[in-house]
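Work through these exercises with the structure open beside you. Try each task before reading its solution.

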Amino acid sequence: MRDFNALIETVFSGLSALVIEEVADDGEVIRVAARTRDVPSPCPVCGVLTGKVHGYHGRPMADVPVDGRKVVVHVQVRRLVCPVLECRRQTFREQVPGLMERLQRRTNRLTSQVSAVVKELCGRAAARLSRSLAVPMSFATALRLLRRIPIPVVRTPRVVGVDDFALRRRHRYATIIIDAETGERIDVLPGREAAGLEAWLLEHPGVETVCRDGSATYAEAIRRALPDAVQVSDRWHLWRNLCDKVLAEVRAHASCWATVNPARPGGVHEQTIRERWHQIHDLLGRGVGLLECSRRLDLALNTVKRYSRIPEPPADRIAPRYRTTLVDPYREHLRIRRATEPAVAVTQLFHEIKAQGYTGSHNLLVRYLTQGRAEGNRPVITPRHATRLLLTHPEHLWTKDTALLATLTSACPETAELAKFVGTFAQLLTPEKGNDARLTEWIADVRAADLPHLHSFCNGLELDRAAVNAGLTLPHHNGRTEGVNTRTKRIMRQMHGRAGFDLLRHRILLS
């Protein structure tokens with residue numbers, strides 16, 4: 001009997017505030033009979049202790065499951081008599097602080113566990129998981145539990161991060177505010193207008209630094225609410241804007257560096273695109289509508305619209321992407337044989353590489369040769385590929401990519417200047433004192449070069465120069481805010497747009 005009592009005290013240690021009288025196995029449910037201890041309890045109105053019993057009541061409570069089965073605790077609670085005659089409550093039902101709350105049908109520890117589930121999964125997903133955890137509940141109950149979880153009170157931070165995210169892209173947006181130093185969520189505001197952020201900043205004094213992207217709306221709101229606050233432009237957005245301008249410059253000088261990048265045998269796809277562009281613009285020039293063009297050319301209407309917006313035939317090269325095949329180790333042999341004897345039969349080549357250890361099929365070899373992969377000594381370099389070579393740190397490039405970049409820059413002086421400017425600006429993205437002066441020198445050098453797209457980038461820097469200087473000299477950034485936005489998208493995918501803004505805000509601030 002002593003071991004049995006010790007086992008009960010171990011399994012049901014969370015019920016130590018009660019006196020357990022019996023534990024019954026009822027199949028899928030374990031029923032525990034318990035009662036409150038015979039100790040005085042304070043009156044909820046006057047606070048006077050009393051132990052005089054007026055009556056008893058039964059109160060069923062659900063507790064954490066044991067062995068995958070539900071646990072129901074039938075608690076016998078006392079109705080006590082208040083000894084103060086003038087008290088408004090002559091009798092009251094005693095409560096068990098820390099174990100169960102008034103009007104609740106779950107113990108506090110079960111409520112805390114279920115609340116952790118609903119906080120991560122919200123409604124229907126939490127209800128499905130709760131059935132597996134032997135705590136069945138409906139999705140409506142899960143939502144009620146979620147709404148009851150209090151939002152933690154967070155002090156107004158010294159450095160905040162501000163960013164927007166889409167509730168419905170191109171229609172509705174919201175603004176999120178976090179502590180840029182710790183990543184704590186501070187608040188979520190409906191909309192992304194300047195008035196909402198300005199009102200929040202006025203209501204929460206103490207903010208000294210605000211990290212943001214290049215939004216002029218947020219910049220104006222911060223300037224009006226906190227004229228003395230330091231605005232920090234996010235370095236990632238600066239680099240992203242530079243990447244777009246570098247890609248435009250590379251495309252503008254494609255005729256120069258493409259001379260060292262001969263076209264790959266074939267090019268059927270590029271030729272088809274140019275022919276399609278001419279066909280569509282010829283019909284549009286004769287007054288034919290977009291829908292009629294799609295019918296005559298047997299093309300989708302969206303395809304016709306896309307080509308109609310392009311002022312010139314696309315000159316971008318399209319690099320074919322092939323998977324590694326069993327023929328690749330014998331590519332050099334095939335290239336030499338077809339160069340010395342153009343009329344050699346595919347069957348003869350198949351037998352030759354078969355003798356060298358080729359284990360693939362004849363059809364695979366035919367497709368390999370038909371695609372021109374045997375003669376393609378140099379893959380096609382697209383503007384995006386060339387831009388990636390320019391924007392990648394030289395120490396992170398393969399040897400072949402380093403040689404290819406040197407070839408491209410030697411063929412085009414503007415591309416060589418572009419590579420130099422990209423490397424210099426990348427060094428400025430490591431925040432340190434003096435970067436603002438070096439940025440001034442960088443802008444002067446860029447304006448002296450014949451790179452109009454980089455001139456546009458410099459104009460954007462000058463419009464927000466104070467925030468850019470702070471971003472290049474201070475350690476603060478908006479990276480944590482972007483991370484919160486990524487997790488917010490996961491929350492929105494779980495909710496599938498069924499919940500309102502209030503519930504979404506609640507979940508964001510709890511996560």
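The model is predicted.

**Exercise 1. Identify the residues that H2 and H3 use to meet, then describe how the two helices pack.**

Solution.
- Start with the contacts. From H2 come Val-117, Val-118 and Leu-121; from H3 come Ala-125, Ala-126 and Leu-129.
- Sort them by class. The contact holds 6 nonpolar residues, no polar ones and no charged ones.
- Take the geometry next. H2 (residues 108-121) and H3 (residues 124-132) pack at about 140°, and their axes lie 8 Å apart.
- Name the arrangement. Angles over 145 degrees would count as roughly antiparallel. H2 and H3 are therefore oblique to each other.
- Add the handedness. The crossing of H2 past H3 is right-handed.

**Exercise 2. Work out the strand order of the open sheet, and find the strands at its edges.**

Solution.
- Read across the sheet. Its 5 strands are ordered S10-S9-S8-S11-S12, and the pairing is mixed.
- Look at the ends. S10 (185-190) and S12 (230-233) each have a single partner strand, so each has one side without a neighbour in the sheet.
- Check the twist. From one strand to the next, the average is 25°.
- Follow S9 to S10. They pair antiparallel over 5 bridges, with Ala-174 opposite Pro-190 in S10.
- Place the helices. H5 (residues 194-203) packs on the sheet and touches S8, S9 and S10; its direction makes about 145° with that of S10. H6 (residues 216-225) lies across S8, S9, S11 and S12, at about 170° to S11.

**Exercise 3. Decide how S8 pairs with S9 and with S11, and say how enclosed S8 is.**

Solution.
- Take S9 (residues 172-179). S8 pairs with S9 in the antiparallel sense over 8 bridges. Phe-165 has Ala-174 in S9 as its bridge partner.
- Inspect the turn. S8 and S9 make a hairpin with 3 residues between them, and Arg-170 in the turn has a positive phi of about 70°.
- Move to S11 (residues 209-212). S8 and S11 run parallel, joined by 3 bridges. Val-160 is opposite Val-210 in S11.
- Finish with burial. The cut-off is under 20% relative accessible area. In S8 (residues 159-168), 7 of the 10 residues are buried, so the strand is largely enclosed by the rest of the structure.

**Exercise 4. Locate Arg-105 and list what it touches beyond four places in sequence.**

Solution.
- Find the loop. Arg-105 sits between S7 (91-93) and H2.
- List the contacts. Arg-105 touches Arg-59, Pro-60, Met-61 and Ala-62.
- Compare chain and space. Arg-105 and Met-61 are 44 residues apart along the chain, yet 4.9 Å separates their C-alpha atoms.

Methods. Residues numbered from 1 in each chain as written. Predicted model: local features only at pLDDT ≥ 70, side-chain atom pairs only at ≥ 80, totals over all residues. Heavy atoms only, no water. Axes fitted to C-alpha atoms, helices over the stretch in contact; angles between N-to-C directions. Parallel < 35°, antiparallel > 145°, perpendicular 65-115°, else oblique. Left-handed = near helix turned anticlockwise from the far one by under 90°. Contact = heavy atoms within 4.5 Å. Nonpolar A, V, L, I, M, F, W, Y, C, P; charged D, E, K, R; others polar. Buried < 20%, exposed > 50% of the residue type's maximum accessible area, 1.4 Å probe, protein only. Pairing = 2+ DSSP bridges.
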